[in-house]
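Visitor: I have a model open on the bench screen. Could you walk me through it, question by question?

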Amino acid sequence: MKKVLILGSTGSIGTQALEIIRNNRDKFSACGLSCRSRVDDLIAQIREFAPESVCVGNSDDAKRVKSEFPEIDVHYGDAGLVEIAGMDCDIVLNALMGISGLAPTYEAISHGRDIALANKETLVAGGEIVTELCREKGVKLIPVDSEHSAIFQCLEGNGGSACARAYKDDAGDGPDRAIRRILLTASGGPFRGRTLDEMRDVTIEQALNHPNWSMGSKITIDSATMMNKGLEVIEARWLFDIPADKIDVHVHPESIVHSMVEFMDGSVIAQMGIPDMKIPIGLALNYPDRLSLIPEFSGLDEDRGSDGSLDFFTKGANLTFEKADRKTFRCLDIAYAAIREGGSAPVVMNGANEELVAMFLAGNIGFTDIPETIERVMDKSGFSRPGTVEEILAIDNESRIMARKMLKTE
Ligand code: MN
């Protein structure tokens with residue numbers, strides 16, 4: 001029985017993970033849960049899963065939960081997330097949104113807990129110190145992001161040492177150089193094929209309308225700007241210890257091939273499947289074994305054949321690939337530039353992006369203000385080499401302030 005701490009249990013990844021736990025009670029228990037604002041949802045989850053500890057957004061919600069469930073350990077706020085991250089468990093599923101995932105991940109790793117990582121910002125902002133600590137503690141860092149789960153699966157069993165360095169115990173042993181490049185696939189998002197002018201006046205609703213994946217609002221906007229793919233290039237760089245110039249983005253609108261790895265002999269291995277996050281979540285939680293996930297989908301999903309499989313005569317019959325339009329979707333190049341610069345550059349980029357996406361979702365700025373302002377923040381920032389979580393969070397905060405000032409909304 002694996003004890004799973006789910007950080008962000010009321011979000012898209014968190015609820016799907018709980019669905020997996022519900023259907024596999026013999027394998028998993030949810031020992032800890034957390035939410036920021038959806039406390040009613042969390043209370044329903046507490047009733048069903050009976051965790052030992054929870055974390056909520058603020059002290060009022062904490063009092064409310066404590067009065068209803070006096071036997072439970074209740075934490076709150078950012079400090080509470082770090083406290084609960086240190087609890088006794090077998091694996092921490094980090095499904096938090098944005099930079100808020102960094103400090104709890106770091107804490108859980110320092111306690112030697114394995115991590116199922118759905119929070120890519122942890123590695124974008126803290127890749128160097130997080131992977132370093134994983135090696136020191138012998139912690140497995142298992143990707144939940146669908147592309148990175150795909151790459152992880154393509155590398156498994158291919159020369160052994162071709163596995164992600166981040167989850168290897170033997171310090172200093174990088175990936176097998178048998179990897180020639182990683183082909184990171186992207187759906188292209190809802191605005192694929194549009195010009196910059198055609199994107200200036202898009203609405204929040206249009207940007208939130210992702211063609212293939214149902215996800216939280218922050219990541220869906222990131223997919224529309226393609227910053228999500230930029231963040232994923234940086235995430236892959238750290239997870240697999242591979243230089244960013246060996247990571248090629250391929251737009252693949254069908255989202256069936258979740259990514260590929262090309263090896264030195266010219267062999268290319270791809271991982272495929274229906275776009276469903278339960279597959280990478282289930283593999284990360286049950287690694288190295290797979291869960292039986294197909295029967296529960298059967299007949300429920302128009303993407304699937306009648307028996308629940310990926311059907312290569314319908315959905316999987318036409319798999320297409322195209323080059324990313326980097327002129328229109330500037331965020332991709334901004335992310336490559338940030339990882340080339342290294343140090344705090346990805347922190348600055350990520351902080352500005354998070355702030356600008358929140359402002360766009362609040363209706364305060366236009367869609368194309370996001371890439372334009374990130375670029376201006378990057379141009380104006382001096383870069384350093386942060387060595388602690390605290391330093392990274394301070395840089396993140398400065399970058400947000402700079403982005404807000406540039407758009408004069410404060
Ligand atoms: Mn992804």
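Guide: First, a term: helices (H or I, at least four residues) and strands (E, at least two) are DSSP runs, numbered from the N terminus. Keep in mind that this is a predicted model.

Visitor: How many helices and strands are there in the chain?
Guide: Both kinds of element are present. The chain has 17 helices and 12 strands.

Visitor: What radius of gyration does the chain have, set against a compact globule?
Guide: The chain has 410 residues. A compact globule with that many would come out near 22 Å. The value for the chain agrees with this: 20 Å.

Visitor: What share of the residues in the chain is buried?
Guide: Buried means under 20% relative accessible area. Among the 410 residues, the buried share is 57%.

Visitor: What part of the exposed area do carbon and sulfur atoms supply?
Guide: The chain exposes about 16700 Å². Carbon and sulfur atoms supply 47% of that area.

Visitor: How far apart do the centres of the positive and negative side chains lie?
Guide: The chain carries 44 positive side chains and 64 negative ones. The distance between the centres of the two sets is 2 Å.

Visitor: Which residues are the protein donors of the manganese ion?
Guide: The donors lie 2.1 Å from the ion. Their spacing in sequence is D-x1-E-x84-E. They are D145 (OD), E147 (OE) and E232 (OE).

Visitor: Is D145 buried or exposed?
Guide: The cut-off for buried is under 20% relative accessible area. D145 has 8%. Another donor, E147, has 9% and is buried. D145, too, is buried.

Visitor: Why is helix α10 described as largely enclosed?
Guide: Helix α10 spans residues 217-225. Among its buried residues are K218, I221 and D222. The helix is largely enclosed by the rest of the structure because, of its nine residues, the number buried is seven.

Visitor: What covers the buried residues of α10?
Guide: The cover comes from several helices. It includes α6 (121-137), α9 (204-207), α11 (227-239), α14 (331-341), α15 (345-361) and α16 (369-380).

Visitor: Which residue just after α10 takes a positive phi?
Guide: The phi value there is about 70°. The residue is M226.

Visitor: Which residues does Q153 touch, leaving out those up to four places away in sequence?
Guide: Q153 is part of helix α7 (residues 146-155). Its relative accessibility is 16%, so Q153 counts as buried. The residues it touches are Q271, L283 and R290.

Visitor: Where is P288 found?
Guide: The peptide bond from Y287 to P288 is cis. Its omega is near 10°. P288 belongs to the loop between α12 (278-286) and α13 (294-297).

Visitor: Where does D241 lie?
Guide: D241 is not a glycine, yet its phi is positive, about 50°. At a relative accessible area of 13%, D241 is buried. D241 sits in the loop between α11 and β9 (247-251).

Visitor: What is the relative accessibility of S259?
Guide: S259 is found in strand β10 (residues 257-263). Its phi is positive, near 160°, and the residue is not glycine. S259 counts as buried, with a relative accessibility of 0%.

Technical notes: Residues numbered from 1 in each chain as written. Predicted model: local features only at pLDDT ≥ 70, side-chain atom pairs only at ≥ 80, totals over all residues. Heavy atoms only, no water. Rg over C-alpha atoms; globule rule 2.2 N^0.38 Å. Buried < 20%, exposed > 50% of the residue type's maximum accessible area, 1.4 Å probe, protein only. Areas by Shrake-Rupley, 256 points an atom, 1.4 Å probe, with all protein chains shown as cover. Lys, Arg positive; Asp, Glu negative; His and termini not counted. Charge placed at Lys NZ, Arg CZ, Asp CG, Glu CD. Donors = N, O, S within 2.8 Å, 3.2 Å for Na, K, Ca; no water. Contact = heavy atoms within 4.5 Å.
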